[in-house]
Amino acid sequence: MPKKKFNPEDVIGKPYERGLLPYGGGVSMRTGRIAFAVSEEEHRNDMKKLKVLL
């Protein structure tokens, strides 16, 4: 069975639970809901940029 691809738009606005943000994101401290999420592609691009700095 193929693994479902992560879509950040599917989790925004939901109450935070462990594992909902595999590539990072942010949670509102006031409401406990997910404010933004990072896609796999964004995460990979950020890691490439950081790797260049090392």
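## Close-up views of a predicted model

Leaving out residues up to four places away in sequence, Gly 24 touches Ala 37 and Val 38. This contact and the features in the legends below come from a predicted model.

**Figure 1. Gly 24 in the segment before strand 1.** The view is centred on Gly 24, which is placed in the segment before strand 1. With a relative accessible area of 25%, Gly 24 is partly exposed. Lys 4 is 20 residues from Gly 24 in sequence, and the two C-alpha atoms are 17 Å apart in space. The contacts of Gly 24 with Ala 37 and Val 38 belong to this view as well.

**Figure 2. Pairing of strand 1 and strand 2.** The two strands run in the antiparallel sense and pair over three bridges. Gly 26 lies in strand 1, and the residue that partners Gly 26 in a bridge is Phe 36 of strand 2. Gly 26 has a relative accessibility of 13%, so this residue counts as buried. Apart from neighbours within four places in sequence, the contacts of Gly 26 are Leu 21, Arg 33, Ile 34, Ala 35 and Phe 36. Phe 36 therefore appears both as the bridge partner and among the contacts of Gly 26. Tyr 16 is 10 residues from Gly 26 in sequence, with 9.4 Å between their C-alpha atoms.

**Figure 3. Gly 32 in the hairpin.** The hairpin of strand 1 and strand 2 has six residues between the strands. Gly 32 lies in this loop and takes a positive phi near 75°. The relative accessible area of Gly 32 is 29%, which makes this residue partly exposed. Pro 15 is 17 residues away from Gly 32 in sequence, while the distance in space is 5.9 Å from C-alpha to C-alpha. Pro 15 is also one of the contacts of Gly 32; the others are Lys 14, Tyr 16 and Val 27, with neighbours within four places in sequence left aside.

**Figure 4. Ser 39 ahead of helix 1.** Ser 39 sits in the loop that lies between strand 2 (34-37) and helix 1 (40-53). The relative accessibility of Ser 39 is 12%, so Ser 39 counts as buried. When residues up to four places away in sequence are not counted, Ser 39 touches Pro 8 and Tyr 23.

**Figure 5. Salt bridge between Lys 5 and Glu 41.** The structure holds two salt bridges, and one of them joins the side chains of Lys 5 and Glu 41, with 2.9 Å from N to O. Lys 5 belongs to the segment before strand 1 (25-27) and Glu 41 to helix 1, so the pair ties together parts that are 36 residues apart in sequence. Lys 5 has a relative accessible area of 55% and is exposed. Glu 41, at 40% relative accessibility, counts as partly exposed.

**Figure 6. Salt bridge between Glu 40 and Arg 44.** In this salt bridge the closest N and O atoms of Glu 40 and Arg 44 are 2.6 Å apart. Both residues lie in helix 1, and the four residues that separate them in sequence amount to about one turn of the helix. Glu 40 is partly exposed, its relative accessible area being 21%.

**Figure 7. The largest pocket and its lining.** Rolling a probe the size of a water molecule over the atoms shows where empty space is left. The largest pocket holds about 210 Å³ of space. Its lining consists of Lys 3, Lys 4, Lys 5, Phe 6, Asn 7, Asp 10, Val 11, Pro 22, Tyr 23 and Glu 40. By type, these residues divide into five charged, four nonpolar and one polar. Some of the lining residues come up in other views. Lys 5, in the lining, forms a salt bridge with Glu 41. Glu 40, in the lining, forms a salt bridge with Arg 44. Tyr 23, also in the lining, is one of the residues that Ser 39 touches.

How values were computed:
Residues are numbered from 1 along each chain as its sequence is written. This is a predicted model: local features need pLDDT of at least 70, side-chain atom pairs count only at pLDDT 80 or more; totals for chains, interfaces and linings use all residues. Side-chain values use heavy atoms; hydrogens and water are left out. Buried means under 20% relative accessible area, exposed over 50%, partly exposed in between (1.4 Å probe, protein chains only). Contact means heavy atoms within 4.5 Å. A salt bridge is a side-chain nitrogen of Lys or Arg within 4 Å of a carboxyl oxygen of Asp or Glu. On a 1 Å grid over the protein atoms alone, a cavity is a set of points where a 1.4 Å probe fits but cannot get out, and a pocket is an open set with protein on both sides within 12 Å along at least five of seven lines; lining residues have an atom within 4 Å of a point. Grid points are joined across faces, edges and corners, and a volume is the space filled by probe spheres set on the points. Ala, Val, Leu, Ile, Met, Phe, Trp, Tyr, Cys and Pro count as nonpolar, Asp, Glu, Lys and Arg as charged, and the others, Gly among them, as polar. Two strands pair if DSSP finds at least two bridges between them.
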